[in-house]
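Student: Could you walk me through one part of this model up close? I'd like to see how the helices pack in one chain, and then how that chain sits beside its partner.

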Amino acid sequence: MRLTRRHFLTAAAAGLAEAGLGFRDLARAAEKISANEKIVVAHVGVGGMGAGHVSWFADFPEVETAAVCDVDSTHADKALAQLKEIRPDTKAVIESDFRRLLERPDIDVITYATPDHWHALNAILAFQAGKHVYGEKPLSYDMIEGQAMLKACRRYDRVFQLGTQIHAGDNYHRVAELVKSGILGTVHTVRLWRVGGDMAVQFAPDSDPPPTLDWDMWLGPAPKRPYNRCICPFTFRYYWDYSGGVFADFWCHIADLAFWALDLGAPRTVSASGSDPLDHMVTTPSFMDAEFEFPSLKMYWHSRRPDIRGADDRDPGIQFVGTRGELVASYDSRVIYIDGRECADIPEVPVTLPRSPGHQRNFLDCVKSGAEPESNMAYASRMTLPMHMATIAYRLGRKLTWDAQRGEFVGDETANRMRHRPYRAPWHLPGQEAC
Amino acid sequence: MRRWLIVALILWPLTSAVASAQPNGFVPLFNGRNLDGWVVAGSPEGFAVVNGRMHSDGGKGGQWIHTASQYANFVLRLEWMLSRVGNSGIFIRNDPTGAGFEVQLLAPWTPHRDDLHCTGSIYGHVPANPRPDETPLRWRRAEITAAYKRVTVKIDGVVCADADYDQVPTMKDMPLAGYIGMQDSHTGAGEWVEFRTIEIKDLDQDPGFVAQGLASTDPAVRRVAYDAAVRLGPPMAATLLNLIGRGDAPTRHAAQAALERVVANASAPGASQEASAVRRDLLDRLCASGDNGAPDRACAAQMIGLIGQADARTAGVLMNALLEDGAVSAAALEAMQRIPGHAMTVALIEALSQVRVSHQPALLLALGARRDDRALAALGDMARTRGGQVRLAAVRALGLLGSAKATPILREVGAGAPQRVKKEAADALISLLDAPGLNDAARSAALDAARELAVTQAPKAAATMPPLPAR
C-alpha cells in the first residue's frame with residue numbers, strides 16, 4: 001500500500017510517541033482537553049497588542065494564565081499588574097525567553113504579539129513543543145516562513161488561530177453571506193484600501209537600549225544592528241527588516257473578507273508601485289498600490305481612498321464589483337448597490353454562516369474540540385501569500401508571475417530569492433528544509 | 001561577416017546616441033529637420049521647421065512646444081530671433097498644464113515692460129540685471145542652468161538672473177523637475193519667433209552631481225536626486241555606495257533606497273548588461289579593503305545576495321568577506337545563503353575550517369539549509385569529531401540537508417552520544433521525514449533510526465538556537 005502523506009504523518013507521530021522520543025505533548029494531543037477542564041495559557045510579547053491578549057484570555061473563566069513573557073521587563077511587569085487586576089490570585093510568572101514556556105508541560109496554549117520577524121519561530125517552536133497557538137497578524141515576516149508554519153502546524157497537529165479578530169464580527173459574516181449568495185452576480189473586481197502610510201518618524205541616532213530591554217533577543221533572527229528608539233518599541237512595522245508597513249499591517253484584516261467571501265486561491269500575477277520614504281527614518285512605502293490577477297477576478301490595493309461610491313469614510317475598506325451590483329464594506333458597516341438601488345442589507349438572503357462566539361472564544365473552543373478555528377493556519381497562509389507577493393513586487397518594481405504549483409515566481413531569480421530572508425545565526429527556521 | 005552585421009545593428013542605436021553627445025556633454029534637442037522629440041501643446045500649426053529653424057507664427061494657437069521627456073537639472077543653450085514686436089519665452093520645469101518657470105524673450109515694445117518681465121528675467125519672479133539688449137531681428141544666445149534650487153540665466157554670455165528658490169519667496173514651492181519648452185509667438189499675426197541650435201547638458205547624467213543632491217539637507221532636493229539616481233542606474237552604483245559609507249543619516253537612507261532600486265531594476269529578466277555592471281561594482285566594493293564594519297561593504301554584500309551570480313568569483317569574494325568580523329561577515333553569510341548552486345556550497349565548506357569555532361554553527365546551519373549533498377561529508381565529519389555547539393549544529397544541519405544519506409550518519413553519531421546530542425540527532429532524523437524527494441523506504445529508515453535513539457528526557461526546544469540564559 002502506498003502511504004498517503006497524511007497516513008504517514010499520523011503513523012509517524014504515533015510511532016514517535018510510542019518510541020518514547022520525548023514528544024510527550026504530541027501524545028497528550030490525543031487526549032483532548034475536556035469541555036470543563038481548564039486551559040493553561042501563556043503570553044509572549046505583552047506590550048501593545050499583547051496587553052490585549054492578557055486581558056482577553058484572563059476574562060475566560062476556564063483560562064489559567066501561567067506566564068507573561070517579554071524581552072522588555074517593563075512590558076512584562078505591566079502585563080502582570082494588569083492580570084492581577086482581573087485575577088488577584090493569579091500564580092502567573094514573568095519570563096523573558098519564550099522558550100522557557102515551551103519547556104513547561106502544563107502550558108496548553110501560547111499566544112504571541114511579537115514583531116512580525118518573530119512570528120514563525122514563536123509558532124513553530126510552540127507547535128514542536130505540543131502547544132496550540134493564537135498568533136498575531138500578519139501571519140509571517142516572509143513567504144517561506146509562512147510555508148514552514150503551515151507544515152509544522154500540520155505535522156504536530158496543533159490548533160492555530162491568526163489574530164484577525166474583526167473576522168468574528170457580525171458585519172463580516174453578513175458581507176461574506178451576501179457575496180456568497182450571488183446577489184452581486186459574478187464578482188470580477190475587488191478593491192481593498194487603507195488610507196495612509198507616510199510615517200513621520202524623524203531620524204534619530206542609535207543608542208544603548210533601555211536597561212530593561214534585551215535588544216539582541218528583540219532582533220532575534222533579524223540582522224544585527226544597534227538599538228534605535230525610532231525602531232523599537234512601536235514603529236518597527238515601518239521597516240522592511242521587521243515588517244511590511246501599513247500595507248502588511250492591514251492587508252489581512254481587509255483582504256480576509258475577499259478570501260472568505262470568494263474562496264480565493266493564489267493570484268497569477270502581481271504588480272505594485274508607490275513611493276519610497278526619503279524624509280523619514282522608516283523604509284516601508286509612503287504609499288503603495290498593488291494589482292493582482294486572480295484566475296477569476298482582478299484585485300487592487302490602494303493606500304489612497306478610491307474614487308468610488310460608498311468609499312466615504314470607510315477605511316480600511318473593500319469593494320466587491322459584480323455583474324449585477326456592488327458591495328462596499330468596512331470593519332463594521334456596509335452598503336449595497338443593486339440596479340442603482342442603495343441598501344444596507346438584502347433580507348431575502350438567509351443567514352447561512354454560523355456566527356462566531358468571538359475570535360478568542362472560537363479558538364479556545366477549537367483547542368477543546370480539535371476543530372479548525374475561523375482564521376486557521378491553512379486559511380491564514382492562503383490569504384497572506386499575496387501580501388508577500390506584493391511587497392516583493394513593490395521592492396523589485398516589476399510585475400511578477402506566480403506558479404502556485406511550484407510555489408515560486410516564474411523566470412525571476414531575484415524575486416525567488418526574496419521569498420525568504422535567511423535567519424541570523426544561531427537562529428534558524430525549523431522546517432525550512434521542507435519548503 | 002553576417003555576424004558582424006548583426007552586432008553592428010544591435011549596437012547602432014547606442015553608438016549613435018553616444019556619437020551625438022559632444023565632447024562638452026551637450027546633446028542636440030532639435031534636429032533641424034522635424035519636430036521629433038517635441039510635443040506641441042496647442043494647435044499643431046503653431047510650430048513648424050523652416051530653413052532648419054523651429055519657427056512659430058503669431059495667431060496660430062501653438063501655445064507652447066515642449067520636450068517629450070522631463071528634465072530636472074541641466075544646462076540649456078539655444079539661439080533665438082524675434083520679429084519686430086515679438087514676444088516669446090523659454091519654459092523650464094513646467095508641468096503639462098504650463099505651471100513652472102518662464103525665462104522671458106521679448107522685443108522692446110510699447111507699453112514698456114519692466115525688468116521683472118523683460119528678456120532674461122525669470123518672468124514675475126526675478127528681474128533681469130543687467131537688462132540685455134532686446135533689439136529684434138538678430139540671433140541671440142540664451143543659456144539657462146538649472147541645478148537643484150539654483151537657476152541662472154545668461155543672455156549673450158552675460159548673467160542677467162541668478163536665483164535660489166529659497167531666497168525668492170515666490171519661487172519657494174516651485175517644481176524642481178518638468179518639461180522644457182518654448183512659447184509660441186505670443187503677439188498677433190505677422191509676428192514670429194525662431195529657435196536654432198537647441199542643446200542640453202543633462203546634469204543628472206553625472207553621478208557626482210546626483211551625489212551632491214543626495215547629500216543635500218533639503219528633502220525636496222534629495223527626492224529629485226533619488227529619482228535621478230534610480231534613472232541613471234548602474235553607473236550610479238559606486239557613488240551610492242560611497243554615500244552609504246560616508247553620508248549622514250538622511251543621505252545614507254536615501255542612497256540606500258536608491259541603490260536598492262538600481263539593483264532591483266538591474267535584476268529584471270532581460271537586463272543582463274545592467275546586472276553585470278552592478279554586480280561588478282558591488283563585488284569590487286566588497287573586495288576593497290576598509291573598515292570591517294563599513295556600512296557600504298555590508299550593503300554591497302547584502303545586494304550581492306539579491307543579484308549575485310552563483311559563480312566562483314562571487315563565492316570567493318563572499319567567502320573572504322565572511323571571514324571578517326561584524327556586519328560585513330553577517331551580510332556575506334546572508335548573501336551566500338540566498339544564492340543557490342554548488343559554488344557557494346564549496347565556499348562555505350572551505351570557510352568552515354577557517355572561521356573561529358564560535359562562527360562554525362552558523363556556517364553549518366547555512367550549509368544544511370542548502371540541501372546540497374556535497375556538504376554531506378563535511379557535516380558528517382564535524383558531527384563525528386567536534387563537540388559542544390558545533391557538534392549539535394552539525395547534527396541539526398544533517399537533518400536540514402533532507403537527504404537519505406544523512407540517516408546512517410545521524411544514527412552512528414547519535415548512538416552512544418550524550419543525551420543532548422542523541423536528542424538532536426533524533427530531531428534531525430524526524431525533520432528528514434518531511435523532506436521532499438524522500439521515498440517511503442528512506443522515511444521508514446529515518447523513523448527507525450529515530451526510534452533507536454529514543455530518549456527519555458523531556459524535549460528541550462531547539463538546542464542549536466542560542467542557549468537559554470541561566471536563571
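What follows is a look at the helix packing in chain B, and then at chain A.

Tutor: Sure, and keep in mind that this is a predicted model. Let's start with the overall build of chain B, then zoom in on its helix pairs.

Chain B has 16 helices and 13 strands. Its radius of gyration comes out at 33 Å, well over the 23 Å that the globule rule gives for 471 residues, so chain B is more spread out than a compact globule. Along the principal axes, the C-alpha atoms of chain B take up a box of roughly 105 × 60 × 35 Å. The domain assignment splits chain B into domain 1, covering 27-205, and domain 2, covering 356-464. The C-alpha centres of those two domains of chain B are 74 Å apart.

Now the close-up. Take helix H6 (residues 272-287) of chain B and helix H7 (residues 295-307) of chain B: their axes are 8 Å apart and they pack at an angle of about 145°. H6(B) and H7(B) cross in the left-handed sense. On the H6(B) side, the contact uses B:Ala275, B:Val278, B:Arg279, B:Leu282, B:Leu283, B:Arg285 and B:Leu286, and these meet B:Asp296, B:Arg297, B:Ala300, B:Ala301, B:Met303, B:Ile304 and B:Ile307 of H7(B). Sorted by class, the residues of this H6(B)–H7(B) contact are 10 nonpolar, no polar and four charged.

Next pair: helix H8 (residues 312-322) of chain B and helix H10 (residues 342-352) of chain B. Their axes come within 9 Å and cross at roughly 30°. That angle makes H8(B) roughly parallel to H10(B). The crossing of H8(B) past H10(B) is right-handed. H8(B) brings B:Ala312, B:Ala315, B:Gly316, B:Leu318, B:Met319 and B:Leu322 to the contact, while H10(B) brings B:Ala343, B:Met344, B:Val346, B:Ala347, B:Glu350 and B:Ala351. The class split for H8(B) with H10(B) is 10 nonpolar, one polar and one charged.

One backbone detail in chain B is worth a click too. B:Asn129 and B:Pro130 are joined by a cis peptide bond, with omega at about 0°. You'll find B:Pro130 in the loop between strand S8 (101-106) and strand S9 (140-147) of chain B.

Over to the partner, chain A. There are 13 helices and 16 strands in chain A. A compact globule of 435 residues would have a radius of gyration near 22 Å, and chain A agrees with that, at 22 Å. The box filled by the C-alpha atoms of chain A is roughly 60 × 55 × 55 Å along the principal axes.

Chain A is also divided in two: domain 1 takes 5-166 + 367-378, and domain 2 takes 169-201 + 246-354 + 384-409. The C-alpha centres of these domains of chain A lie 29 Å apart. Where they touch, 11 residues of domain 1 of chain A are in contact with 13 residues of domain 2 of chain A. Helix H7 (residues 143-155) of chain A gives the most to the domain 1 side, with three residues. By class, that domain 1 side of chain A has five nonpolar, four polar and two charged residues.

For a helix pair in chain A, look at helix H8 (residues 170-181) of chain A and helix H10 (residues 245-262) of chain A, whose axes come within 8 Å and cross at roughly 40°. H8(A) and H10(A) are therefore oblique to each other. Their crossing is right-handed. A:Tyr172, A:Val175, A:Ala176, A:Val179 and A:Lys180 of H8(A) meet A:Leu257, A:Trp260, A:Ala261 and A:Leu262 of H10(A). This H8(A)–H10(A) contact has eight nonpolar, no polar and one charged residues.

Two backbone spots in chain A round this off. A cis peptide bond links A:Asp315 to A:Pro316, with omega at about -5°, and A:Pro316 sits in the loop between strand S10 (298-302) and strand S11 (317-322) of chain A. A:Asp339, a residue other than glycine, has a positive phi near 50°. That A:Asp339 is in the loop between strand S13 (334-338) and strand S14 (341-343) of chain A.

How values were computed. Residues are numbered from 1 along each chain as its sequence is written. Chains are lettered from A and ligands numbered from 1 in the order in which they are written. This is a predicted model: local features need pLDDT of at least 70, side-chain atom pairs count only at pLDDT 80 or more; totals for chains, interfaces and linings use all residues. Axes are lines fitted to C-alpha atoms, for helices over the stretch in contact, and angles run from 0 to 180 degrees between N-to-C directions. Helices (H or I, at least four residues) and strands (E, at least two) are DSSP runs, numbered from the N terminus. Angles under 35 degrees count as roughly parallel, over 145 as roughly antiparallel, 65 to 115 as roughly perpendicular and the rest as oblique. A crossing is left-handed if the near helix is turned anticlockwise from the far one by less than a right angle, and right-handed if clockwise. Two residues are in contact if their C-beta atoms, placed from the backbone, lie within 7 Å. Ala, Val, Leu, Ile, Met, Phe, Trp, Tyr, Cys and Pro count as nonpolar, Asp, Glu, Lys and Arg as charged, and the others, Gly among them, as polar. Domain bounds come from an automatic or database domain assignment. The radius of gyration is taken over C-alpha atoms; the globule rule is 2.2 Å times the number of residues to the power 0.38.
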